[in-house]
Amino acid sequence: MTLRFLSIPRRDQHVLAQAGQHVGAYGGEPVDRRCGRISLPAFGVVAILVLAIAGAARLAAQTPTPAATAKPGIVRRLADVKFASDDDVKCLNGVVENGDPATGPSTFILKATSGCVVAPHYHTAEEQLIVVRGDVLTGMHGMKETLLEPGGFAMMPGKQTHWFTCMSKEGCLMFVTFDRTYDIVWVKDEK
């Protein structure tokens, strides 16, 4: 829309007024009120209202409702966990506590027997480990091995070779999380 700021001589304004026309607020083109035209300031207010309503409607359409996105909570006692043996490491038992390791982030609870060794390996995902019970000797490529006691924490970046050994006579209990789809690549002779 182009605004023209033209001066209409006073006598012409009078003639236009007699013809039922009105000169715009800024001295621009005449506005014929009989034809239902709207003044520039009124047009601006209407345009702002229309844009605000359209923006609010779009935001409401994009904002998911709590019922549509809400994930059910999980509450599980340790006594109720149904551990299953690991296919690759026979001395390790675990279960997925949350998420879906085939499609995205997940959390596992793992139980290892005394002396259980998880050989050097890596994952594409970042792995985080928290020791709940027992002492876990943790190693990572480029770092010295560290004995983690209950409450101990380790973070292994994606594709970083690492390994574990349960050092406690009573076994070890750990939580392990992955920030994306789970995979495992075994690495030979890298300890």
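**Group meeting: two sheets, three salt bridges and a surface patch**

At 55% relative accessibility, Arg77 counts as exposed; in the terms used here, exposed means over 50% relative accessible area, buried means under 20%, and partly exposed lies in between, with a 1.4 Å probe and protein chains only. Before I continue, please note that this is a predicted model, in which local features need pLDDT of at least 70 and side-chain atom pairs count only at pLDDT 80 or more, while totals for chains, interfaces and linings use all residues. Residues are numbered from 1 along each chain as its sequence is written, and side-chain values use heavy atoms, with hydrogens and water left out.

Let me stay with Arg77 and turn to the salt bridges. How many salt bridges does the structure hold? There are three, where a salt bridge is a side-chain nitrogen of Lys or Arg within 4 Å of a carboxyl oxygen of Asp or Glu. Arg77 takes part in one of them, with Asp80 as its partner and 3.4 Å between the closest N and O atoms. Asp80 is partly exposed, at a relative accessible area of 40%.

Another salt bridge joins Glu97 to Arg76, at 2.5 Å from N to O. This pair links distant parts of the chain, 21 residues apart: Glu97 is in strand E4 (residues 92-99), and Arg76 is in the loop between helix H3 (66-69) and E3. Helices (H or I, at least four residues) and strands (E, at least two) are DSSP runs, numbered from the N terminus. The two partners differ in their cover: Glu97 is buried at 14% relative accessibility, whereas Arg76 is partly exposed at 40%.

In the salt bridge between Asp179 and Arg180, the closest N and O atoms are 3.3 Å apart. Asp179 is partly exposed at 37% relative accessibility, and Arg180 is also partly exposed, with a relative accessible area of 42%.

I now come to the sheets. One open sheet has six strands in the order E3-E4-E5-E12-E7-E10, with antiparallel pairing; two strands pair if DSSP finds at least two bridges between them. Its edges are strand E3 (84-85) and strand E10 (153-156), and each has a single partner strand, so one side of each has no neighbour in the sheet.

How enclosed is strand E12 (residues 172-178)? Five of its seven residues are buried, so E12 is largely enclosed by the rest of the structure. Strand E5 (residues 106-112) runs antiparallel to E12, joined to it by seven bridges. E7 and E12 are also antiparallel, pairing over six bridges. Met174 in E12 appears in both pairings: it is the bridge partner of Leu110, and it stands opposite Val131.

Strand E7 (residues 127-133) also pairs with E10, in the antiparallel sense and over four bridges. There, Gln128 has Met155 in E10 as its bridge partner.

Glu127, likewise in strand E7, deserves a separate remark. Which side chain of opposite charge is nearest to Glu127? It is Arg180, 12 Å away, and Glu127 is buried yet has no salt bridge. For this purpose Lys and Arg count as positive and Asp and Glu as negative, while His and the chain ends are not counted. The side chain of Glu127 does make a polar contact with the side chain of His123, at 2.9 Å. A polar contact is a pair of N or O atoms within 3.5 Å; within protein, one must be able to donate a hydrogen and the other to accept it, and residues adjacent in sequence count only if both atoms are side-chain atoms.

A further open sheet has five strands in the order E9-E8-E11-E6-E13, again with antiparallel pairing. Strand E9 (143-148) and strand E13 (185-186) stand at its edges with a single partner strand each, so one side of each is left without a neighbour in the sheet. Strand E8 (residues 136-140) and E9 pair over four bridges, and Val136 stands opposite Leu148 in E9.

Next, a point about the backbone. Most residues other than glycine have a negative phi. Lys159 is not a glycine, yet its phi is positive, at about 65 degrees. Lys159 lies in the loop between E10 and strand E11 (162-166) and is exposed, at 58% relative accessible area.

Finally, Ile53, in helix H2 (residues 40-62), is exposed at 60% relative accessibility. With Val45 and Leu49, Ile53 forms a nonpolar patch on the surface, with about 310 Å² of accessible area together. Patches are made of residues with over 30% relative accessible area and no salt bridge, like charges being joined within 9 Å and nonpolar side chains (Val, Leu, Ile, Met, Phe, Trp, Tyr) within 5 Å. Accessible areas come from the Shrake-Rupley method with a 1.4 Å probe, and for residues only the protein chains shown count as cover.
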